[in-house]
Each structure stands twice: as structure tokens, then as C-alpha cells.
Number of protein chains: 2
Amino acid sequence: MRNLVSLLFALALSAPGARAATPAEIVASAPASAWTDIAAEDLLIMEFGDGKRVIIQLSTQFSDAHVANIRKLATAHWWDGASIYRVQDNYVVQWGDRSEKKPLPDGVAKTLPEEYSVDRKAVEDRVTIMPSSDSYAKTTGFLDGWPVAMNAGTLWPIHCYGMVGAGRNLAPDAGNGAELYAVIGHAPRHLDRNIALVGRVVEGMEHFSSLSRGTQALGMYGPDQTAVPILSVRLASDLPRQAQPHFQMLDTRSKIFADYARVRENRHDAFFAVPAGGADICNIPVPMRRRPDS
Amino acid sequence: MRNLVSLLFALALSAPGARAATPAEIVASAPASAWTDIAAEDLLIMEFGDGKRVIIQLSTQFSDAHVANIRKLATAHWWDGASIYRVQDNYVVQWGDRSEKKPLPDGVAKTLPEEYSVDRKAVEDRVTIMPSSDSYAKTTGFLDGWPVAMNAGTLWPIHCYGMVGAGRNLAPDAGNGAELYAVIGHAPRHLDRNIALVGRVVEGMEHFSSLSRGTQALGMYGPDQTAVPILSVRLASDLPRQAQPHFQMLDTRSKIFADYARVRENRHDAFFAVPAGGADICNIPVPMRRRPDS
């Protein structure tokens with residue numbers, strides 16, 4: 001067998017030649033104008049365990065009341081000293097106050113509306129439709145950088161890998177944003193329209209996904225396991241200016257994003273013999289990066 | 001907020017009452033006749049790191065030549081002392097001889113045919129079709145307990161979470177089964193029909209999915225990381241009889257599996273307000289268990 005490692009490296013790092021470009025190569029060729037800055041008030045920085053850091057982008061399209069609560073909880077340092085107490089394989093990591101007894105700060109709503117979908121017509125002109133069939137909805141696509149599904153009247157965000165939502169109890173309880181989870185497995189799309197999605201991980205996802213799985217029902221950490229302590233959760237906009245991270249996402253209405261999506265659907269680079277002929281919406285992750293000058 | 005943990009526990013453990021049953025409750029009610037034994041020669045037991053154990057079911061439906069090589073490699077103890085050297089987030093764990101210099105045992109084929117799909121007509125009478133649309137194929141379903149996709153003429157296995165395949169270099173190289181990988185993220189369906197799938201993890205998946213991610217390109221472990229040593233890989237049938245594990249899978253042509261799949265598509269238990277109206281084939285994992293008397 002030829003040397004697998006060096007071949008794969010060559011494939012990953014080489015410039016496009018006679019063969020077709022890879023998705024990563026297309027993204028690398030995107031003009032600066034195709035990248036959209038993410039505002040500092042939309043970035044949540046979570047530090048836990050032995051100094052691990054995960055950065056979450058808050059949604060500006062969905063779940064406004066949940067996101068407002070989350071901003072207030074971060075500004076009040078409410079999660080400091082809380083924990084990651086649930087890690088269920090192929091499902092979610094969940095964090096917050098496991099005792100559920102810690103009082104919420106003043107100004108944080110205790111109950112929230114069911115922000116599970118939005119009126120499609122109100123956002124239609126900003127949606128990019130994807131052509132592949134979907135197992136759950138008539139149509140899928142992207143709204144201002146977020147994966148969405150649609151039927152005739154409504155549009156809703158999708159539980160793809162890395163998406164962050166607000167835990168709740170039995171319906172119709174809608175949670176309050178104090179208990180959050182991130183998807184660490186195959187997209188649990190049956191949760192769509194049943195829980196408020198509030199954001200997604202933009203950096204450090206591997207620190208969530210590699211956590212030890214909980215040994216109790218639903219992946220709860222058992223008495224023989226140590227819940228992972230949360231050191232701090234901060235809004236980037238609450239940090240000193242020089243400490244703020246800067247991220248960008250690829251504009252899902254740009255020409256280069258369309259090129260990228262097409263290649264995710266049908267790869268013709270050297271590894272692939274049979275192009276897929278389509279792509280599940282969660283297999284078209286929206287490219288994110290640190291702002292180049294940051 | 002009511003106590004989330006105790007409520008979720010109650011939900012998971014309670015018997016079906018006025019509300020609809022959960023998928024787990026339906027599986028728990030399956031008659032013994034709906035469970036199919038997995039033969040000892042189809043189980044691969046892999047021990048690595050500090051005594052972690054993963055058990056893999058080898059395919060009896062696909063990739064016969066690859067699986068024959070894998071059985072011989074295990075019987076020759078070829079993987080003992082090899083390593084897990086690649087862990088790419090939301091993609092794969094890969095193991096084998098990273099140097100690619102270790103000679104293959106006598107009788108192990110160095111190159112193999114492209115066993116990526118089979119003739120649909122030859123297996124049609126054993127296929128259970130699922131009704132949901134799919135982003136990649138006209139039809140999906142199960143063949144003797146394995147998730148499959150189909151077009152008019154051919155049928156192929158699917159890269160769901162936990163599936164195991166045989167690494168290869170650039171097409172048309174088909175690999176030889178010595179380098180294996182397992183899916184640890186959202187189903188990378190673009191690999192379907194491009195790599196030989198040879199099995200799936202039936203126990204211990206969390207030991208793969210929680211491994212530290214590699215810091216180099218493609219998730220390769222870097223010089224500052226220690227590759228995870230493989231202690232042993234054995235066929236269950238090569239072990240003393242009393243040391244052999246015994247597993248069963250739910251018969252995908254049984255009535256109870258059909259009930260289970262319907263509920264995966266539309267959940268009406270207490271948590272869910274909006275049933276999904278469908279299920280991606282990889283969100284209908286085939287139930288597996290230890291044989292009750294074992």
C-alpha cells in the first residue's frame with residue numbers, strides 16, 4: 001500500500017490542478033467580501049475543565065427571548081461554578097446548574113415563549129434554498145448563515161452537529177436558557193420544532209465531543225464520575241476590547257458558498273469515484289473562521 | 001423550573017401509560033423471536049488504551065473479501081501493537097499500522113475488489129423499505145439488519161454513526177482491510193459507494209467517540225500526542241467458548257422493528273409537541289443487545 005498518511009496530507013494541502021477542487025480549497029479561495037463579521041455580543045466564550053475553551057455564536061434569527069436571557073445570564077456570570085453534567089453518546093452535551101436550585105438573576109425571564117419556528121414569508125428574501133431532498137421537511141436551505149428547514153408557512157432552525165439549544169422539561173415548558181446543550185452526534189432532527197435552538201459552536205467543538213460519556217440514563221454523570229466544572233461563560237462584548245475574539249462566517253447568499261455547496265453535493269476530487277448526487281443539509285456546514293487580522 | 005433530571009429519569013424508566021410509547025419502550029417489549037443471534041465469527045473484539053474494549057459486528061452482506069482479510073488479520077494477531085492514530089472530529093477514528101510497513105500475514109490479499117455496492121435484485125426479498133425521503137438515494141431501508149440505500153439496480157451500505165469501513169488511498173485503490181475506521185460524527189454519506197464498509201460498533205462506541213482529537217491535518221495525531229496503543233484485536237470465535245461475548249440484533253423484517261421505526265419517525269410521547277414526520281435512515285439505529293442469558 002502506498003503511504004496513506006503522506007498521500008492524504010498531499011491531498012489536503014495541494015492547490016487545485018487538473019482534478020476538481022475540494023470544498024476546503026473552494027472556501028480558501030473565497031474573497032474577503034464573502035465573509036461576514038460576527039458581532040461581539042453574539043459570541044459566548046465558555047471555559048471549563050482544565051482550561052478548555054469553546055466559543056458559541058448566538059442566533060440573531062431565532063429564539064430572541066432565549067438569547068436575551070442567555071446574554072443576561074452571561075453578563076451576571078451566572079454559569080461560573082456550574083457544570084457540564086450530561087454527555088450522552090451520539091446525542092448531546094448539556095450544562096448548567098444541575099441542582100436547578102440556583103436563583104436566576106433579576107431581569108432574567110423564568111419562562112419563555114416556544115420559539116421553535118418563524119414565519120417563512122417574513123424572511124423568505126434572505127433564504128438560500130438547497131436542492132437535495134430531506135427526510136424531515138419539504139425544503140431546506142440557509143437563512144443568514146444558519147441551516148433551516150421549511151414548509152409552506154413556517155421556517156425553523158435545524159439540529160445539526162454543533163448546534164446549541166435550550167434544555168427544557170416536558171412540553172409545553174419552553175425552558176429559560178439556563179440549561180444549554182450542544183449536539184455531539186448525528187443530527188437529532190426529531191428535536192427540530194420541539195426545542196429552542198439558540199446558537200452553534202464556532203470553535204473548540206472537540207472539547208465538547210471528546211468528553212467522557214455519562215454512565216447513567218440519558219448520559220447523566222454518575223456518582224463515580226466528576227461533573228466538568230465550568231470556570232466562566234462570558235459574552236465577548238463584556239470582555240476588554242483586546243481580549244475579544246473575532247469570527248466570520250461565509251455569506252450563505254454568496255457565489256462562493258453556492259460553489260462550495262455544489263461540491264459538497266458532488267465531489268470529483270481524486271479520492272472519490274462516485275459523487276454523492278446530493279447532500280444532507282447538515283453535511284453542508286457553514287464555513288467559519290477567525291477574522292484574518294485578529 | 002421543575003426538576004429536569006428526575007423528570008427525565010421518570011420519562012425514560014416509566015412504563016407506557018396514557019401517552020404513546022418511546023422507541024426504547026417498544027424495543028423493550030420485543031418478543032425473543034424478534035432478536036437474531038450474531039455469530040461468534042462475525043464479532044471482533046478490540047482492546048486498546050488503558051483496557052478499553054470495543055466490539056464490532058462484521059458484515060455478512062457486503063464486502064466479503066474485505067471481511068475475509070479482516071478475519072485473517074485478527075486470527076494472526078496482526079493489529080496487536082498497532083495504534084489508533086487518527087481521530088478527526090465529526091468524522092472518523094482510524095486505526096492500524098501507521099507506518100504502513102508491517103508485512104501482511106500469508107494468505108491475506110494485498111489488494112481487494114471495490115466492494116462498494118451489490119446487485120439489488122439478488123437481495124430484494126430481504127429488504128425492508130423505509131418511507132422517508134433521503135438526500136442521497138431514491139430509497140433507503142434495511143437489509144438483514146444493516147442500513148442500506150438503493151437505486152433501481154444497486155444497493156449499498158450507509159455510513160451511519162458507528163459504521164466501520166476499510167481505509168484506502170486514492171481511487172481506484174480499494175484498501176485491504178488492514179487500516180480501519182469508524183464513523184464518530186454526522187453520517188458522512190458522501191463516502192457511500194466510495195469505500196468498503198465492513199461492519200459496525202455494537203458495544204463500546206463511547207470509547208472511540210471520546211478519544212482526544214488529533215491536532216494535525218485530517219485529525220492525525222501530532223508529535224505532541226500519543227497514539228492510542230491497540231492491545232489486541234480478536235475474533236470472538238478465536239476465544240475460549242466461555243470468554244465469547246454474545247450479541248443479538250433486532251430483526252429488521254419483524255413487526256416490532258416496524259413499530260419501532262414508525263415511532264422514530266413520529267414521536268408522540270410526553271416530551272414532543274411536533275412529531276418529525278419522517279426519519280433519516282441513520283436516525284433509525286438497529287437495536288442491538290447482549291444475549292439475555294449471556
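Visitor: What RMSD do you get when chain A is laid on chain B?
Guide: The RMSD is 0.0 Å, after a turn of 180 degrees and a shift of 0.0 Å along the axis; the fit is by least squares on C-alpha atoms of residues with pLDDT of at least 70 in both copies. The two copies are thus related as by a two-fold rotation axis.
Guide: The same surface serves both copies, as 98% of the contact residues of chain A recur in chain B. This is a predicted model, where local features need pLDDT of at least 70 and side-chain atom pairs pLDDT 80 or more, while totals for chains, interfaces and linings use all residues. Residues are numbered from 1 along each chain as its sequence is written, and side-chain values use heavy atoms, without hydrogens and water.

Visitor: How many residues does the contact take from each chain?
Guide: Chain A gives 66 residues and chain B gives 65 residues, with contact meaning heavy atoms within 4.5 Å.

Visitor: What area is buried between chain A and chain B?
Guide: About 6,000 Å², with 59% from carbon and sulfur atoms; that is accessible area (1.4 Å probe) lost by two parts on being put together, summed over both.

Visitor: And how many salt bridges between chain A and chain B?
Guide: Zero, counting a side-chain nitrogen of Lys or Arg within 4 Å of a carboxyl oxygen of Asp or Glu.

Visitor: Which elements of chain A give two or more residues to the side that touches chain B?
Guide: Helix H1 (4-13), strand E4 (83-87) and helix H5 (205-209); helices (H or I, at least four residues) and strands (E, at least two) are DSSP runs, numbered from the N terminus. H1(A) gives the most, with six residues.

How values were computed
Chains lettered and ligands numbered in written order.
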